[in-house]
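Good morning, colleagues. My topic today is the salt bridges of one protein model, and I ask you to keep the sequence and the structure in view as I speak.

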Amino acid sequence: MHKVLSLGELLLRFETYADPEISEASSGLFKMYPGGSEANVSVVLSTLEIPVSYFTAVPDHILAKNALEVLEHKGVDISKVLIQGDRIGLYFLEGYNGLTTGEVVYDRKFSSFYNIDEEYLDWDQLFEGCTWFHWSAITPSLSERWIHIMKKVLKEAKKRNLFISVDLNYRNRLWDFGIDPKEAMLELVTFCDVIMGNIWSSHLMLGTSIQEDFDRNTSKQDYYIFSEKVSLEIFTQFPQCQHIANTFRFMDHPKHNLFYGTYHTRDGNWISESYETMEVVDRIGSGDAFMGGLIYGICQNNNPREIIDFATRMGFEKLFIPGDFYSKII
C-alpha cells in the first residue's frame with residue numbers, strides 16, 4: 001500500500017454571498033472554507049482510505065488551527081506541518097460557490113508557506129514513511145524562490161525512490177514575477193511519473209502542441225485524438241513519465257458542467273464517459289477530486305478503463321459538494 005505525501009499551501013477561501021432574507025446589500029457577507037489544491041487531494045485520498053500526509057506551513061493562530069483540525073478530522077496526517085510565520089494564505093471568490101466565470105483575488109504573498117525557510121525542511125522527517133509524493137504547479141508559481149525549493153524537494157523525493165505525481169494547475173493570476181512557466185516546469189516535471197492537467201495547461205507549461213480553434217463545440221473524438229498526440233509528445237520529452245491524464249470541463253452557464261477525461265500510458269489511450277449537469281453546487285476542487293481519484297486508481301493497480309472512469313466520476317461528484325474539500329462518503 002502506498003502512503004502519499006502531498007505538499008502545498010493551505011488556504012482559506014472567502015466567498016461572497018447574498019442573504020435573501022436581509023437585502024441585496026448583504027452581498028458583502030463572506031463564507032469561509034479551508035482549501036488549497038494539495039490539501040484537497042489529501043482529503044480525497046483519505047476518504048478513499050489511501051494513507052496520506054500533508055505538508056504545509058501555517059501560523060500559530062485559531063484560523064490555521066481550525067483548518068488543520070478539519071484535515072485531521074478527515075483522516076489526513078498533519079504531523080509534518082510546520083507551525084511558523086504570521087499569516088495564512090487567503091483567496092477571495094466573487095460569486096456563490098464558484099458559480100461564476102471566476103473572479104478570484106489571491107492574498108498569499110508573505111504567508112507562512114510563501115516565506116518558508118528551506119533550512120527548516122528536514123528531508124528525512126518530511127519523506128519518512130512515504131512512497132508517493134504529490135505536488136502541483138501552483139507551488140512554483142508563487143515565487144522564484146519556490147521554484148528553487150521545489151527543485152530540491154523533487155531531487156530528494158527521487159533520491160528516495162518515491163513515485164511522483166504533478167497536477168499542472170495553471171493560475172493566470174499567479175506567475176507574476178517575470179518567469180515564464182515553461183522556464184520552471186520543464187525541469188521540474190522531469191522527475192514525475194504521473195502528469196495530470198489538460199491540453200491547454202500542457203501547452204502553457206510544457207510547450208506541447210495546441211489547436212487554437214478548439215473550443216466548447218469541438219467534438220469529444222477530436223479532443224481524444226489530440227490528447228493522444230499531446231501524450232506522445234510528453235512521453236517523448238519526459239522519459240520518467242508513465243501516466244498522463246487530462247480533464248475536459250466545459251460550462252455554458254454558472255450551473256452547467258460537461259465533464260470527461262482521457263488517460264494515456266505508453267501502452268494505450270482511454271477516454272471516459274461524459275457527465276453533464278445543470279445543477280452545479282460548487283465547482284471548486286473538482287479537478288483535485290479527479291487527481292485524487294487518479295492517484296487512487298494507480299495505487300490500486302486498477303485497469304486503465306477503471307482508472308479513468310473512477311477519476312472522472314470523482315471529479316464530477318465534487319460539483320455537488322459545497323466547499324473545497326471532497327466530503328462525500330464512498
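How many salt bridges does the count come to? The count comes to 18 in this model, which is a predicted one.

Let me begin with a pair that joins separate parts of the chain. The side chains of R160 and D124 form a salt bridge, with N and O 2.7 Å apart. R160 belongs to the loop between α4 (144-159) and β10 (163-167), whereas D124 sits in helix α3 (residues 123-127), so this pair ties together parts that are 36 residues apart in sequence. As to accessibility, R160 is partly exposed, at a relative accessible area of 28%, and D124 is exposed, at 55%.

I turn next to a pair within one helix. K159 and E156 form a salt bridge, and their closest N and O atoms are 3.4 Å apart. Both residues lie in helix α4, 3 residues apart, and are therefore separated by about one helical turn. Is each partner buried or exposed? K159 is exposed, with a relative accessible area of 61%, whereas E156 is buried, with a value of 14%.

The third pair is D60 with K65, whose closest N and O atoms are 3.3 Å apart. Here D60 is exposed, at 57% relative accessible area, and K65 is partly exposed, at 42%.

Finally, which residues are linked in a network of salt bridges? One such network links R13, E15, D282 and D324.

Thank you for your attention.

Conventions:
Residues numbered from 1 in each chain as written. Predicted model: local features only at pLDDT ≥ 70, side-chain atom pairs only at ≥ 80, totals over all residues. Heavy atoms only, no water. Salt bridge = Lys/Arg side-chain N within 4 Å of Asp/Glu carboxyl O. Buried < 20%, exposed > 50% of the residue type's maximum accessible area, 1.4 Å probe, protein only. Helix = DSSP H or I, 4+ residues; strand = E, 2+ residues; numbered from the N terminus.
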